[in-house]
Amino acid sequence: MVRFLRFLVLLLFTLPALAQEPAITWGPEIPQRNRNLNYLQLIGPGNNNTFYTRYTQTSQVTLEHYSGNGQRLWAVAIAPLDPAGNRATFEDLILLNHQVYLLSSRTERYKKEVYIQQIDLHGNYMPAIHLLGTTTPDATIYTQTKDGRLILILQQQAEPQQTIVSSFQGSFTLRWQVSLPVKGEVQQTEVTEAGTAYILTRLPATNSPEAAFFLYRFEGRNGSNAMQAIGSTAQRPLQAKLGILNGDVIVAGTTAPAPFVASLQPEPTGTFFYRIPKGRLRRLTLNYSPIDSLFLQNYKAYKPDQDHSQRLRHLQLQQLLPLPGNRTALLGEVTTTSASDRHTDDILITTFAANGAPQLTTSVNKHQAEAARAVQLSSYIATTEADTIKLIYLDFEYNYNEQNEIIMASPRAILKTPVLVTIAPDGKQRVRPLRRSQTGRHQDFYLVPSAAYKLSRQEFIVLGSGKGYYKFGRLKF
C-alpha cells in the first residue's frame, strides 16, 4: 500500500511535466533505398496539411509529396523543358499558395531565359510554361515567395552587377519590374504581406567597412526603391541576418574592428543591430556594441580552443527570433568541418532591446561530433514562447536518469536523446530530455534537427533517420 501511494504521488508530480513536454507524432516508415538524407530538403506545406520535399542525387532532382501524417503520396523526377520542348536547366522548386512550381532556365548565345511551370497535386506537369524574364548568361537567379507573390531577382555577375528585380502576382502577372546596379552578392531576401521586398547583399572583404553590406527596399505597389549601407568606420560587419519581425525590418550580426581583414575570418568582438520600423529607412535606429566581456571570459575559460584557433571565428549566424517588447534574439552555431568530421560545439544567443542595445549574451554549451558523410544529427531547432527561448538538440555527451540528472557515459553508450533547453530572460538555462520523442540509441532511430521546417512558432515538420528507413513527424511545443 505504501509503495502504491509513493507511486501515485510520483505520478502526480510527473504528469504536469510530461504535459508541458514538446511531443513528436511520427508517421510511417519509408524505405531509405541508400539515400543520403542530408540531401532531402523540405520545401514547405501544401494543402490539407500535406507537404513537399526535394531530394537531389548527383544532378537528378526528385519532387515528393507527403500526406499530413508523413506518408509518401507520390514522387516525380524533375526534367524541365522550355516552351519549345527543348531541355532546360533546373533552377529551383518553389511554393505559391501551397502549390509547387518548377523554376528553370535556358541559355542560348547571349541571353538566359527564365521559366516557371506548375506541377499539379498529382505530380503532373501542367502544359503552360511561362517566361518570367531574360538576362545575361552569367546572371544568378534568386527567388522569394509570400502567399501568392513571387519576387524574382536576376543578378548579373559582371560589374556593375546590373540586376532585374520583378514582382509577380496571381497568374504570373507582372506587377512591377526594376533594373538597377545592385552592389555585392545577394545573401538573403524577405517579402512582407504587402509585397514589399528587401534584399540584403554582402560586398567583398576588400570593400570599406562602412559598406560591408547593403539593404535594398522595393515598394510592394510600384517597385520604387531605396538602399541603406550596413557598416561603420570603426567596426566591420562580418556576418548579418535579415528578418521581418512584428512588422519591423531587422538586420543584425557580428563585427570586428575595422582594420581587421574580413577574408582572414577574424574572431568577432562585437555586435550590430539595425531596426527599421515598418520598413521605413529614414526612421532606422542602430547600435554597435562590444560582446559582453564577462561572457567572453567565462566562455573561453569553459571552452578552451585547444588548437581551434579562436573558436568564435567559426560562429555561423543562423536566425532571428522575436521576443516581447520589440526585443530580438540572434542565434548562431559554432561549426567546424573537415574532410572526415563535422563538429558543432555551441549555440550562441544574443538578445537585443528595442533600441538595439544587447541585453544578454549566452551560450548553450554542447559538443556534437560525427562523420562528415553521416546523416547530420547535429544542429538544433529553435523557437520562443513569451520571453523564453526554447532549443531542441541531440545530446552527444550525456545520458539522464529518471530525475533528469546528468549521468556520465562512455561515447559508445551515448543515447543521443533530444533535449529541451529553455533560456529565461536572465540567461538561466534548464535542460531536460524529451523522453516521449521515441528516438535515441535504444530505438536506433534519431531526430534530424537540421532538416526541420517551421510551420509556426509552436509546430515544425521534422525528419527522423532509422536503419534503412526514415520518417516524417510533427513536433509541437
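Phe 51, Tyr 66, Tyr 470 and Phe 472 are joined into a cluster by ring pairs. The model here is a predicted one, and the count of aromatic pairs comes to 16. Two of these pairs are worth a closer look, and the table sets out their geometry.

| Pair | Distance between ring centres | Angle between planes | Arrangement |
|---|---|---|---|
| Phe 214 and Tyr 216 | 6.2 Å | 40° | tilted |
| Phe 460 and Phe 477 | 5.8 Å | 65° | edge-to-face |

Planes over 60 degrees apart count as edge-to-face, so the 65° between Phe 460 and Phe 477 earns that pair its label. This pair also ties distant parts of the chain together: Phe 460 belongs to strand E34 (residues 459–466), while Phe 477 lies in the segment after strand E35 (469–476), 17 residues apart. Phe 460 is buried, its relative accessible area being 4%. In the tilted pair, both Phe 214 and Tyr 216 are buried.

Rings meet charges here too. Arg 35 places its charged end over the ring of Tyr 55, 4.2 Å from the ring centre. Likewise, the charged end of Lys 471 sits over the ring of Phe 445, at 5.1 Å from its centre.

Now for helix H2, which spans residues 293–302 and has Phe 295, Leu 296 and Tyr 299 buried. These three cover an arc of only 95° around the axis, so they lie on the same side of H2. What do the buried residues of H2 pack against? Their partners are strand E24 (327–337), strand E25 (341–352) and strand E26 (358–371). On the other side of the helix, Ser 293, Leu 294, Gln 297 and Ala 301 are exposed.

Technical notes: Residues numbered from 1 in each chain as written. Predicted model: local features only at pLDDT ≥ 70, side-chain atom pairs only at ≥ 80, totals over all residues. Heavy atoms only, no water. Phe/Tyr/Trp six-rings, centres within 6.5 Å; stacked < 30°, edge-to-face > 60°. Buried < 20%, exposed > 50% of the residue type's maximum accessible area, 1.4 Å probe, protein only. Helix = DSSP H or I, 4+ residues; strand = E, 2+ residues; numbered from the N terminus. Lys NZ or Arg CZ within 6 Å of the ring centre and 35° of its normal. Arc of directions from axis to C-beta. Contact = heavy atoms within 4.5 Å.
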